[in-house]
Amino acid sequence: MEIIHVAAECYPVAKAGGLGDVVGALPKYQCELGHVAKVVMPMYRTKFLYNNDWELVHEGTRTMGPHFFNYSVIKEKTNKLGFDLYLVDINGLLDREKIYGYDDDTERFLAFQSAVCDWLNKWQHKPDVIHCHDHHTGLIPFMVKYCLEFKDRLADIPTVLTVHNAQYQGWIGWDKHNLLPAFDSWKWGMLDWNNTINPLASAVKCAWKVTTVSNSYLDELRGAANGLENLFNYEQGKSSGILNGIDTHVWNPETDSMIIKNYDTELVEKGKLKNKKELAGQFGLDPDKPLISFIGRLVGEKAADLLPEAISQAIYQHHGKVNFLVLGSGDPELEDRLDQMNHQFNGYYNSYIGYSEPLSHLMYAGSDFLLMPSRVEPCGLNQMYALRYGTVPMVRNVGGLRDTVSDMGDWQGVGIRFDQASVWDITYSVGRAIDLYQNKPDLYSWMRSHMMTIDHSWDSSAQQYIDLYASLR
Ligand code: ADP
Ligand code: GLC
């Protein structure tokens, strides 16, 4: 089967979060299963672009309302990621260093999607499926079905939408409708949700199949989907949950070159301690105390706003028997607060405000616990990385966290689960973590070695997507 993944992120080309990890891994595993999976994404100006060799495969011209732009598509020459990677360049729109966060993101992703459809329309053959990820590519199922230039050739190509995060929907005012390629105007309802063009809603309506990145998240979306609850209920029949996997080539404590000491299940205790000592040295912490880390976007979905209060309370309540380390970026006020706490809790807490892939690897390896109090967690990859590195996940009972982490109080449980995204639940769980670390060495060591052997690789999920595509032929 030939599968075209269209997405805004793909690791290691450009990554802001888990979407990048998924799009950098799933196609590779699909190729390993004997299929031809390709990725098409915008050509941002990232390091990866400058450090690799490319060939030009297509050039075209588009109009977008009153504007006119040229685009080109380049392909990475060596297939080094394990799949064919195509970048779409549009000068003036996509040639930026960051992925998102610009005032003209609407125009940027509209132009990208229009260029992708135009390019596919010029192919000699048709791919078997177009797989779109999140709202940045959510207008493609509509475009191929209803845009006048594309529908004759492309409308019968099956489209799949994967919802990684329904909080962001890419809303576009109807005053900008003329930026879309001309479409069957009586189909406007397929773009609309609450009098706004809603790319995510449009994709849920127009894609042949919709998947979410865990089963629990699909259930939750029917009750809370940032305004799209009714739509997710209505489209139940074509929706299913497929749990994300992790790229076990990249996330492997035995071979990870970003950590100080590699280890396997046999050497986990010693290996983790060496990595912890490195972290403790870098951040002024005490390697004899349990180290609880947080890694992630500092936003409300991750309940990162609770961290300052929860961490200070936990340090006081548990008489300084625990250390904390935070790696993240996001809300500027929260960034400041977490940064200021470095002085206040010197020796007990530290943070690195920013984005650092190498530090994240060292933290998965060197921490004892990984805290994820998320309010919403469609899947979550951090907890699966933690498990693979023998780090006990402390997670709220929500979305993909519920589907991947069992509580240590349950039979063969490997984590600590709590119900509420609240300071109280977090500090209580910190108490359980300290107790496990200090008083239950046998259970702790069994949990560590057991969690490292759980198979969260993409093998089974990649096959589930293939089966889904096959059902559309
Ligand atoms: P989300 O996609 O919602 O941010 P996920 O758990 O799916 O959450 O994936 C987050 C990914 O981003 C993980 O690979 C995590 O290690 C990484 N990450 C998040 N914040 C940072 C950061 N500040 N520095 C390095 N890596 C980060
Ligand atoms: C989103 C979700 C996260 C998920 C990731 C990859 O960013 O917030 O839970 O793991 O996408 O699917």
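**Ligand 1, polar contacts**

I started at N382 and found a polar side-chain atom of this residue 3.0 Å from an oxygen atom of ligand 1. I kept in mind that this is a predicted model. Next I looked up K15, where a polar atom of the side chain sits 2.8 Å from an oxygen atom of ligand 1. At G18 I turned to the backbone instead: one of its polar atoms there is 2.6 Å from an oxygen atom of ligand 1. Then I asked how much of ligand 1 the protein buries. Ligand 1 taken alone exposes 570 Å², and the protein buries 93% of that.

**Ligand 1, the shell**

I listed the surroundings and got 20 residues around ligand 1, with G18, D21, R297, K302 and Y364 coming nearest. By class, I noted six nonpolar, nine polar and five charged residues in this shell. Which elements each supply at least two residues of it? I wrote down two helices and two strands to begin with, including α1 (18-32), α12 (357-366), β12 (291-298) and β13 (323-330). I then added α13 (382-388), which also supplies at least two residues of the shell around ligand 1.

**Domains**

I checked how the chain is divided, and the assignment gives domain 1 (2-245 + 458-470) and domain 2 (268-451). Where does ligand 1 lie with respect to the two? Domain 1 and domain 2 both give residues to its shell, so ligand 1 lies between them. I looked up the separation as well: the C-alpha centres of the two domains are 33 Å apart. For direct contact, I found 19 residues of domain 1 meeting 16 residues of domain 2. The size of an interface is often given as the accessible area lost when the parts come together, so I looked that up too. Between domain 1 and domain 2 the buried area is about 1400 Å², and carbon and sulfur atoms give 53% of this.

**Ligand 2**

I moved on to ligand 2, which 14 residues surround. The closest of them are H164, N244, E377, C379 and G380. I followed up H164, which has a polar side-chain atom 2.6 Å from an oxygen atom of ligand 2. For N244, an N or O atom in the side chain is 2.8 Å from an oxygen atom of ligand 2. P378 uses its backbone: a polar atom there is 3.4 Å from an oxygen atom of ligand 2. Taken alone, ligand 2 exposes 310 Å², of which the protein buries 93%.

Which element gives the largest share of the shell around ligand 2? I found that α1 does, with three residues. Sorting this shell by class gave me six nonpolar, five polar and three charged residues. I also checked the domains here, and the shell around ligand 2 draws at least three residues from each of domain 1 and domain 2.

**Backbone details**

Is the peptide bond from Y11 to P12 cis or trans? I found it cis, with omega near 5°. I placed P12 in the loop between β1 (2-6) and α1.

My last stop was D134, where phi is near 65°, a positive value in a residue other than glycine. I located D134 in the loop between β6 (129-133) and α4 (140-146).

Terms used:
Residues numbered from 1 in each chain as written. Chains lettered and ligands numbered in written order. Predicted model: local features only at pLDDT ≥ 70, side-chain atom pairs only at ≥ 80, totals over all residues. Heavy atoms only, no water. Near = heavy atom within 4 Å. Polar contact = N/O pair within 3.5 Å; in protein donor to acceptor, adjacent residues only side chain to side chain. Areas by Shrake-Rupley, 256 points an atom, 1.4 Å probe, with all protein chains shown as cover. Helix = DSSP H or I, 4+ residues; strand = E, 2+ residues; numbered from the N terminus. Nonpolar A, V, L, I, M, F, W, Y, C, P; charged D, E, K, R; others polar. Domains from an automatic or database assignment. Contact = heavy atoms within 4.5 Å. Buried area = accessible area lost by both parts, 1.4 Å probe.
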